[in-house]
Amino acid sequence: MSSVNEMLIREIVSEVLGRLGAAGAVSSVPAAGGGGAQCGCGGKAGTGFRGKFGVFQDATEACNAAQEAFVQLQKSGIAGRRRIEEIVKELAETNAEEWGRVELEETKIGRLDHKIEKLKILKLVPGVDWLRPDARSGDHGIMLEEYTPFGVVGAVTPSTHSIPTMSGNIVNIVAAGNSVVFNPHPSAAKCAAMALRRYNEAIYREIGIENVACIVEQPTMDSFKAICSHDAIRLLLVTGGPGVVKAAMQTGKRAICAGPGNPPVLVDDTACMQRAARAIIQGAAYDNNLLCIGEKEVFALDTIAEKLMVEMEKNGGVRLSAGQLEALTKAAFTFKEGQGGGCAHASVNRDFIGKDPIVLARAAGVTIPAGTQLLFAETEADHAFVVEEQMMPFVPVVRVRSVEEGVARAVEAEHGYKHTSIIHSHDVEAMTAMGRALDTTLFIKNGPSMAGLGLGGEGYLSFSIATPTGEGVSNPRTFTRVRRCVMVDNLRIY
Ligand code: NAD
């Protein structure tokens, strides 16, 4: 046998064995399965992906498995994506009480009733039907622009809404035809892995794809870096504070960043005080003010500030005295000396983030009635509670002399995050002035912040609002490439 033939035979044998190995790995996968040698992983896929249902120790393995699943998803067509969307929404709704409790037990932040609600409302997240192609026709034929997938998306989720963010992201990302790998927040990773495994088990049972959404079970900064640098990851979606936004933007990959906020509220003298007070309490108390869109500081015209605070007291708010505010501030923030003799910088004490009002009340030295939703107090505009994104059930109320001053203060407090702002007013000029000056992604008039995400207002839901990168409330289209298909001089029938 010549050496050429020998080499050829070796290559053929190796190829056949490779295919057998990969095919064996998917032999139990129902119809839409496939994968293996044709999975697009360049031979990295092996038998190790079976039985994991998306939960991996190793980030690289998770990315390889998601890449295999992406190819399987392509074969499953629109029907497969639609079924995945339905499965995620159905499971989130039916398991809302159990999963809400599990998430609260793990993270120890927020409120059970709202943890449950955040899962039940997942049905408001847009899916496959959102992707309608655009078409044009004319004398030169027809043109179709379609929204097509990138491949595998790398996603980071926050501690504040772990299962809801992950679930909404899966709906959006998979509806667009992609698969996804999550690096969740370490303090909310167990609940996310549990829910993700349940999704994949159900998806596998019905359409034979096992790892359409993957997760690193014990996430670290290294696993984040491994995901970001993996060849299969074509796009990033990060939801969190300034640190992760900066890290994502430095990866060199395209990043959709749902970043931090510090939403200001302006109340003028044309507003309905009852409605404004109710809305402020409802929004700021939601999940103990963990929402990035939640009301974080209030600027009220001097002439109506007292009336507003009285209404807040009637609607579940408890007003703190100056002394109580001081005690709470000392407990809720750590003040570090500014560099070069500058002003001391406040950082939020994590022991208070997302805690119940009773915990804050104890620190303030005040007794509060059962059912208290929110604490509040009058402060100056440069108070730590105004400047920092506190994420706890307390809002500062700052008196302003005019709408102009209120808008200017709101701009300062928002820090240019361009996230969310809220106004209570019946004066369209005040609304317009605030809308123009703040230029935020969400601008809510005369309602609680959640109305900006379809809860009591028009619109659709996502727990990832892409603020610094500008995509807005994320939806399936956010995770697509636009591709054009042209037929020249034909098929324009009339
Ligand atoms: P966080 O910034 O501490 O963590 C968010 C995620 O980023 C976690 O998974 C964390 O592990 C990861 N992370 C943090 N720093 C990182 C780094 N340098 N490199 C890689 N990964 C890193 O935030 P959190 O406390 O979990 O969530 C609250 C923050 O998220 C708030 O600032 C809130 O406004 C923001 N948020 C924004 C949205 C939005 O849609 N815009 C939604 C929810 C939360």
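**Reading helix H14 and the ligand shell**

In this predicted model, 52% of the 494 residues of the protein chain count as buried. The chain holds 15 helices and 20 strands.

User: What makes a residue such as Val-403 in H14 count as buried?

Analyst: The term requires 20 or more other C-beta atoms within 10 Å of the residue's own. Val-403 is buried, and Gly-406, Val-407, Ala-410, Ala-413 and Glu-414 of H14 are buried as well.

User: Why are the buried residues of H14 said to line one face of the helix?

Analyst: Seen down the axis of H14, the buried residues fall within an arc of 125°, and therefore they line one face. In general, an α-helix has 3.6 residues a turn, so residues three or four places apart point the same way.

User: What covers the buried residues of H14?

Analyst: The cover includes strands E9, E10, E15 and E16, together with helices H13 and H15.

User: How do you know what span is expected of H14, and which span does the helix reach?

Analyst: The expected span is 1.5 Å times one less than the number of residues. H14 has 12 residues, for which 16 Å is expected, and the helix reaches 16 Å from its first C-alpha to its last. After H14 comes His-415, with a positive phi near 60°.

User: What makes a residue part of the shell around the ligand, and which residues come nearest?

Analyst: The C-beta atom of the residue must lie within 6 Å of the ligand. The shell has 26 residues, of which Pro-158, Gly-240, Gly-241, Pro-260 and Cys-292 come nearest. Helices H7 and H8 each give two or more residues, and the largest share, 3 residues, comes from H8.

Notes
Residues numbered from 1 in each chain as written. Predicted model: local features only at pLDDT ≥ 70, side-chain atom pairs only at ≥ 80, totals over all residues. Helix = DSSP H or I, 4+ residues; strand = E, 2+ residues; numbered from the N terminus. Buried ≥ 20, exposed ≤ 12 C-beta atoms within 10 Å, placed from the backbone. Arc of directions from axis to C-beta. Contact = placed C-beta atoms within 7 Å.
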